[in-house]
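Biologist: Please take a close look at one part of this model, the aromatic pairs and what surrounds them. A single connected account would suit me best.

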Amino acid sequence: MTFNSLNHLIHHTRERIARLGRQTAEQAMRRPGVAAGILLAAGTVFGAGASAGVGLVGTHQASQQAQLDATRTQAQRELNALAARLGELQAEANRLNALGERLTRSGQLADGEFDFDKPVGVGGVGPTRDMPPAELRGGLDQLESQFKASGEQLSVLESLLFNRKLDAEATPSRMPIANSYVTSGFGGRADPFGGGAAFHKGMDFHANTGDPVLAVADGVVSYAGVRSGYGNVVEVDHGNGYVTRYAHNSRLLVQVGDLVRSGQQVAKAGSTGRSTGAHVHFEVWSDGVVVNPVKFLGQAPIKRG
């Protein structure tokens, strides 16, 4: 029942009471007993009407309170859903920040060029307005899509940088022995035994027997044993078409199938095979063709004896 209906009922009741009052006054002049009965009945009717009106008001208020409670419950449920969505986006943002920091280190970018801990500066002018829930949800959906696309792009970039790093680490780029110098270069030379012309397939480095012989790049040992003329030999396959050979060793420290890292000791220098004295003979093969090792020996200047 509406408030208008309730007011109409109360007004109608008042009019009936007024009529009863007039009738009672007239009866009182003629028949006092009947007048008393009428007054008693009128009081009962008025009380019942008043009670009914109060009951209707209370029922309406209870209905309004129930609707308000339901609205609050629904609003809180939507807020909880948005809060959970916000937590997911915050976690994704943290993941992207961590990935960006890794890429910054992998790409060797200058310090401070990409600072993922520093907030991005933003600005703008008013006026502002209240944002409807539907618009907020749409904004979160768009942000989630942007995070997903950015994450995929950064993951691809990380993979490319990682592969580039692997290629760099698997390319010969350091000396096969520390603190040494070249005693014989790559190419034509006089044969140290027969005296005639000969082609030298590698570079010889001065060494003392037992000095560490070092892998010049990451790779897998593909040969470890004796080869004619080379004595005790270690060969490392770097998986990118390059194979390096370390010859005339006094002792081998690795076996076929071993994984070696750049700078790892693979043998001890010596003078086995066709050799006039202790040294390290070093060769580089590219796709089955022997090449000059000089360009693969890192940035350190090559000292010659």
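Modeller: Phenylalanine 296 counts as buried, because its relative accessibility is 6% and the cut-off for buried is under 20%. The model is a predicted one, and all values here are computed from it. Phenylalanine 296 has a partner in tyrosine 242, which is also buried, at a relative accessible area of 18%. That value too falls under the 20% limit.

The structure holds three aromatic pairs. In the pair of tyrosine 242 and phenylalanine 296, the ring centres are 5.1 Å apart and the planes meet at 65°, so the pair is edge-to-face; the class requires an angle over 60 degrees. Tyrosine 242 belongs to strand β8, while phenylalanine 296 is in the segment after β13 (289-291). With their positions 54 residues apart in sequence, the pair links distant parts of the chain.

Another of the pairs joins tyrosine 246 and phenylalanine 282. Here the centres are 5.5 Å apart and the angle between the planes is 45°, a tilted arrangement. Tyrosine 246 is in strand β8 and phenylalanine 282 in strand β12, so this pair ties together parts 36 residues apart in sequence. Both tyrosine 246 and phenylalanine 282 are buried.

Strand β8 spans residues 242-249, and histidine 248 is also placed in it. Histidine 248 is buried, with a relative accessible area of 5%. Its backbone has a positive phi of about 65°, although the residue is not a glycine. Most residues other than glycine have a negative phi.

Histidine 248 leads on to the largest pocket, whose volume is about 450 Å³. The pocket is lined by 22 residues, and those closest to its centre are Arg189, His200, His248, Arg274 and His281. By class, the lining consists of five nonpolar, eleven polar and six charged residues. Strands β1 (182-184), β3 (197-200) and β12 (279-286) each supply at least two of the lining residues. Strand β12 thus appears in two settings: it contributes to the pocket lining, and it holds phenylalanine 282 of the tilted pair.

Between β12 and β13 is a loop that contains aspartate 287. Aspartate 287 likewise has a positive phi, about 50°, without being a glycine. Unlike the buried histidine 248, aspartate 287 counts as exposed, because its relative accessibility is 64% and exposed means over 50%.

On the other side of β8 in sequence, the loop between β7 (231-237) and β8 holds histidine 238. This histidine is buried, at a relative accessible area of 6%. Leaving aside residues up to four places away in sequence, histidine 238 touches Ala170, Pro172, Ala217, Asp218, Gly219, Val243 and Thr244. Two of these, Val243 and Thr244, fall within the residue range of β8.

As for the chain around this part, it has three helices and 13 strands. Buried residues make up 25% of its 305 residues. Of the contacts between residues at least 6 apart in sequence, 63% join residues at least 24 apart. The accessible surface comes to about 19,500 Å², with 55% belonging to carbon and sulfur atoms.

Key. Residues are numbered from 1 along each chain as its sequence is written. This is a predicted model: local features need pLDDT of at least 70, side-chain atom pairs count only at pLDDT 80 or more; totals for chains, interfaces and linings use all residues. Side-chain values use heavy atoms; hydrogens and water are left out. Helices (H or I, at least four residues) and strands (E, at least two) are DSSP runs, numbered from the N terminus. Buried means under 20% relative accessible area, exposed over 50%, partly exposed in between (1.4 Å probe, protein chains only). Contact means heavy atoms within 4.5 Å. Accessible areas come from the Shrake-Rupley method with a 1.4 Å probe; for residues, only the protein chains shown count as cover. On a 1 Å grid over the protein atoms alone, a cavity is a set of points where a 1.4 Å probe fits but cannot get out, and a pocket is an open set with protein on both sides within 12 Å along at least five of seven lines; lining residues have an atom within 4 Å of a point. Grid points are joined across faces, edges and corners, and a volume is the space filled by probe spheres set on the points. Ala, Val, Leu, Ile, Met, Phe, Trp, Tyr, Cys and Pro count as nonpolar, Asp, Glu, Lys and Arg as charged, and the others, Gly among them, as polar. Rings of Phe, Tyr and Trp (its six-membered ring) pair if their centres lie within 6.5 Å; planes under 30 degrees apart count as stacked, over 60 as edge-to-face and the rest as tilted.
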